[in-house]
Amino acid sequence: MDETEFWELVDATREAAEGDPDEQADLLIERLIQLDPDSVLDFARHFEYRYNRAYRWDLWGAAWVLLDGASDDAFDFFRCWLIGQGREVFEGAVHDPDSLADLVDDFDDEIDGDGEELGYAADEAYEQLTGVVAPDLGIPPAPPEPEGTPLDFENESALAERYPKLWERFKG
């Protein structure tokens with residue numbers, strides 16, 4: 001599975017789920033179990049690579065503004081949700097986290113921002129296909145600390161200055 005096929009699967013399941021990340025995860029499992037186990041592992045590698053790539057202080061700050069706070073776990077689930085939003089939103093957010101204000105249409109804090117189940121979809125599909133737990137993907141782990149410069153999430157004026165569009169849309 002190449003990068004284009006990865007994003008096509010993400011997009012197709014998001015659209016079919018009408019943006020509900022839990023429903024998207026269920027649909028993703030359904031689609032993945034139609035593939036061979038190696039393709040499922042390829043999907044998992046693509047997902048994990050992007051998950052690790054999004055482990056950045058500036059994205060965590062954006063998640064903090066969007067979610068009105070984001071613990072370690074909440075940021076993990078946010079990164080899964082971000083991948084589930086598709087290539088344009090993901091890449092835009094990685095390059096400019098404040099652009100999420102423009103990239104995300106309707107944001108419902110009851111369901112959006114938490115894609116925990118998306119993070120397990122490939123593992124679940126692999127296990128259903130093979131009856132065994134997915135092997136190590138053979139990609140480097142995320143760094144122990146997020147990339148970039150740490151932010152003081154409790155400093156609202158600093159967050160408003162760093163994320164003016166997000167702040168205006170979600171806090172203003």
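**Helices and core of a predicted model**

Student: Which loop holds Glu 18, and is this residue buried or exposed?

Tutor: In this predicted model, Glu 18 is found in the loop between α1 and α2. Residues count as exposed when their relative accessible area is over 50%. Glu 18 has a relative accessible area of 74%, so this loop residue is exposed.

Student: What is the phi of Glu 18?

Tutor: Most residues other than glycine have a negative phi. Glu 18 is not a glycine, yet its phi is positive, at about 50 degrees.

Student: Where does Asp 68 lie, and what is its relative accessible area?

Tutor: Asp 68 is another residue other than glycine with a positive phi, near 60 degrees. Asp 68 lies in the loop between α4 and α5. Asp 68 counts as exposed, with a relative accessible area of 61%.

Student: How are α4 and α5 oriented to each other?

Tutor: Two packed helices are described by the angle between their axes and the distance between the axes. For α4 and α5 (residues 72-84), the axes are 10 Å apart and the angle is about 95 degrees. Angles of 65 to 115 degrees fall in one class, and α4 and α5 are therefore roughly perpendicular.

Student: How many residues in the contact of α4 with α5 are nonpolar?

Tutor: From α4, the contact uses Leu 59, Trp 60, Ala 63, Leu 66 and Leu 67. The residues of α5 are Asp 72, Ala 74, Phe 75, Phe 78 and Leu 82. One residue of this contact is charged and none is polar, while the number of nonpolar residues is nine.

Student: Is Leu 59 buried or exposed, and how far in space is it from Pro 97, C-alpha to C-alpha?

Tutor: Leu 59 has its place in helix α4 and, at 0% relative accessibility, counts as buried. Not counting residues up to four places away in sequence, Leu 59 touches several residues, including Phe 75, Phe 78, Leu 82 and Pro 97. Leu 59 and Pro 97 are 38 residues apart in sequence, and their C-alpha atoms are separated by 5.5 Å.

Student: Which helix gives the largest share of the largest nonpolar core?

Tutor: In soluble globular proteins, nonpolar side chains tend to be buried together. The largest nonpolar core here has 51 residues, of which Leu 32, Phe 43, Phe 78, Leu 82, Leu 100 and Leu 166 touch the most other members. The largest share of this core is eight residues, and these come from helix α4.

Student: At what angle do α1 and α3 pack?

Tutor: Residues of α1, among them Phe 6, Trp 7 and Val 10, meet Phe 43, His 46, Phe 47 and Arg 50 in α3. The residues of this contact of α1 with α3 divide into six nonpolar, one polar and two charged. The two helices are roughly perpendicular to each other. The axes of α1 (residues 3-16) and α3 (residues 37-53) are 10 Å apart, and the helices pack at an angle of about 85 degrees.

Student: Which helices are included in what covers the buried residues of α3?

Tutor: The 17 residues of α3 reach 24 Å from the first C-alpha to the last, close to the 24 Å expected. The buried residues of α3 include Val 40, Leu 41, Phe 43, Ala 44 and Phe 47. What covers the buried residues of α3 includes α1, α2, α5, α6 and α8.

Notes
Residues are numbered from 1 along each chain as its sequence is written. This is a predicted model: local features need pLDDT of at least 70, side-chain atom pairs count only at pLDDT 80 or more; totals for chains, interfaces and linings use all residues. Side-chain values use heavy atoms; hydrogens and water are left out. A nonpolar core is a set of buried Ala, Val, Leu, Ile, Met, Phe, Trp, Tyr and Cys residues joined through side-chain atoms within 4.5 Å. Buried means under 20% relative accessible area, exposed over 50%, partly exposed in between (1.4 Å probe, protein chains only). Helices (H or I, at least four residues) and strands (E, at least two) are DSSP runs, numbered from the N terminus. Axes are lines fitted to C-alpha atoms, for helices over the stretch in contact, and angles run from 0 to 180 degrees between N-to-C directions. Angles under 35 degrees count as roughly parallel, over 145 as roughly antiparallel, 65 to 115 as roughly perpendicular and the rest as oblique. Contact means heavy atoms within 4.5 Å. Ala, Val, Leu, Ile, Met, Phe, Trp, Tyr, Cys and Pro count as nonpolar, Asp, Glu, Lys and Arg as charged, and the others, Gly among them, as polar. The expected span of a helix is 1.5 Å times one less than its number of residues.
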